Amino acid sequence: MKKLVLSALFFLPLLTGCRNNMEKETTGAAVPPGYSLEPHRPQFHFTPEKMWMNDPNGMVYYDGEYHLFYQYYPDSTVWGPMHWGHAVSRDLVNWEHLPIALYPDSLGYIFSGSAVVDRNNTSGLGENGKPPLIAIFTHHSEEKAKAGRQDFQYQSIAYSNDRGRTWTKYAGNPVVPNTEKIRDFRDPKVIWDEASQQWIMVFAAQDHVKFWGSPDLINWTHLSDFGREWGSHGGVWECPDLFPIQEENSGETKWVMLLSINPGGPNGGSATQYFVGHFDGKKFTLDPSFAPQVSGEKAVWLDYGPDDYAGVTWSDIPKADGRRIFLGWMSNWDYATVVPTETWRSAMTLPRKLTLKQTAAGLRLLSQPVKELESLRGEVFSLEGQTVERELDMGGQSGVSPSQMEVILEAELPEGPETDFGIALSNSKGEKYRIGYNAAKNEFYSDRTKAGVTGFSEKFAAKIHTAPRISTERALRLHLFFDVASCEMFADGGEVVMTEAFFPSEDFSEVKLYSSGGDVKVIEARVYPLNKAVFR
Ligand code: FRU
């Protein structure tokens, strides 16, 4: 192995399984002792303090705070009668846990949904001249479902006049009844449509989405349906999102619809597809240059990894910021209820900025970690101009604990189709996680089959996961985040994303670049230890 060029080298005590939790400690009485250092507990991804969590809900920015509500069952670590848990952040990195926002009631459990700032008090539910926050969610009646009825899901609202601290359910719920008697009739996302000057609700109805419109968030009319004939239909449709976004190259405004489906994901189980098109205040139509129209591709996936589901974007991000910020649930219904964590279940993905760009495969949504995450970085360790001839050790040299780090890497592959290149994390138990690129297949892959505990589900580690590469550049750009029990890879500037959870029985302590079938030149590699975020 050649000598490393170190532009900044520092030595932390390299302890097996040491976590980068030096200065920032959790505070606040509600946090159970040991919360932050339990086995498999992420250090900078959002997790509930305890018990079961699934989808992110009601993500809205208001008065300097990013609100994150989430599907929550406070009585068990498996799914049950759903509540909306609640947390807020001022920077998308550090979070404050707040009391449960919405409890089940006589109309049912509180399923997924969204929240908006009703700026002009169109609902009349505001007080003292301040805009209220309105949450729009699905009521799911388990009683009606058990009684064999089909109309057990319907859309309801709740409002808050104290910055989301307390919520009152609207007395006239539901606001969208299920007159069509469709069993899966849920997950409303509401946006204000500037052009048609109305609120638009999009929600999932089994194999399609429905659009409804309203002047006041209370009185709704059906506008149109979309999707029976488009996209992937390997499972039921859930958790849509709809937003306008400017295409980076032309500045033209397009509309994007995110649509989660379970099962039927590209690597099994749950996943999120999307559509690019146009919304005219009534109907959604696909853009003529979007893949399903052009190449007949069935679905385009936001994230090829198995652990990014039910994600949607924040509402009411200030215009001056202008970002479209996404967050998903970092799990998969194939095994979510049996993953080996003891006091809680599931984490959210990192928040990501979405952009729309023309790529070699046509219009695509690109994902990138939000820049606020840079605040977690410790001192950088850099490599330049090295060649990976089989293996290049990164960990021992840098002192960075691979179980909590960010890697930004640009590498040039040799000519020829044989190269296999990637990054591998391992521990003293011989457990190993690999993520990389295979030139012969022109695909990225993630291999968690030997990355630790896998026996809890047959589906969890049944195969290596893959994602087709889009870019035709020789140089590969990888941006990776590792957080104890997960890896998020943003490849080629965010064109291809893979999110993977894994459960090593001891924290990963070694990290290596590897190559076969040709030497790979590292143009640049930066490795940052990441501090833990504050959860209080
Ligand atoms: C998606 C989902 C939603 C539903 C919620 C129930 O993961 O199935 O469709 O509202 O979870 O917890």
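A polar contact is a pair of N or O atoms within 3.5 Å of each other. The legends below describe a predicted model.

**Figure 1. Polar contacts of the ligand with D187, W79 and S112 in the predicted model.** A polar atom in the side chain of D187 is placed 2.6 Å from a ligand oxygen atom. Because a polar contact requires N or O atoms within 3.5 Å, this pair qualifies at 2.6 Å. The side chain of W79 also takes part, with an N or O atom 2.9 Å from an oxygen atom of the ligand. S112 contributes through its backbone, where an N or O atom lies 3.1 Å from a ligand oxygen atom. Of the 320 Å² of accessible area that the ligand has on its own, the protein covers 95%.

**Figure 2. The pocket and the residue shell around the ligand.** The ligand takes up the space of the second largest pocket. Three elements each give two or more residues to the shell: strand 1 (51-62), strand 5 (109-117) and strand 9 (186-193). The residues around the ligand are N54, D55, Q71, W79, M82, F111, S112, R186, D187, E238, Y309 and W333. Sorted by class, this shell holds five nonpolar, three polar and four charged residues.

**Figure 3. The cis peptide bond between N173 and P174.** Omega of the bond from N173 to P174 is near -5°, and the bond is cis. P174 is located in the loop that runs between strand 8 (168-169) and strand 9. Strand 9 is also one of the elements that give two or more residues to the shell around the ligand.

**Figure 4. The cis peptide bond between N262 and P263.** N262 and P263 are joined by a cis peptide bond with omega of about -10°. The loop between strand 14 (253-262) and strand 15 (271-279) contains P263.

**Figure 5. The backbone at D63.** D63 is a residue other than glycine with a positive phi, near 55°. The loop that holds D63 lies between strand 1 and strand 2 (65-73). Strand 1 also gives two or more residues to the shell around the ligand.

**Figure 6. The protein fold that frames the preceding close-ups.** The secondary structure comprises three helices and 33 strands. The radius of gyration of the protein is 23 Å, close to the 24 Å that the globule rule gives for 536 residues, so the protein is as compact as a globular protein of that length. The C-alpha trace extends over about 70 × 55 × 45 Å along its principal axes.

Terms used:
Residues are numbered from 1 along each chain as its sequence is written. This is a predicted model: local features need pLDDT of at least 70, side-chain atom pairs count only at pLDDT 80 or more; totals for chains, interfaces and linings use all residues. Side-chain values use heavy atoms; hydrogens and water are left out. A residue is near a molecule or strand if one of its heavy atoms lies within 4 Å of it. A polar contact is a pair of N or O atoms within 3.5 Å; within protein, one must be able to donate a hydrogen and the other to accept it, and residues adjacent in sequence count only if both atoms are side-chain atoms. Accessible areas come from the Shrake-Rupley method with a 1.4 Å probe; for residues, only the protein chains shown count as cover. On a 1 Å grid over the protein atoms alone, a cavity is a set of points where a 1.4 Å probe fits but cannot get out, and a pocket is an open set with protein on both sides within 12 Å along at least five of seven lines; lining residues have an atom within 4 Å of a point. A molecule sits in a cavity or pocket if more than half of its atoms lie within 2 Å of its grid points. Helices (H or I, at least four residues) and strands (E, at least two) are DSSP runs, numbered from the N terminus. Ala, Val, Leu, Ile, Met, Phe, Trp, Tyr, Cys and Pro count as nonpolar, Asp, Glu, Lys and Arg as charged, and the others, Gly among them, as polar. The radius of gyration is taken over C-alpha atoms; the globule rule is 2.2 Å times the number of residues to the power 0.38.
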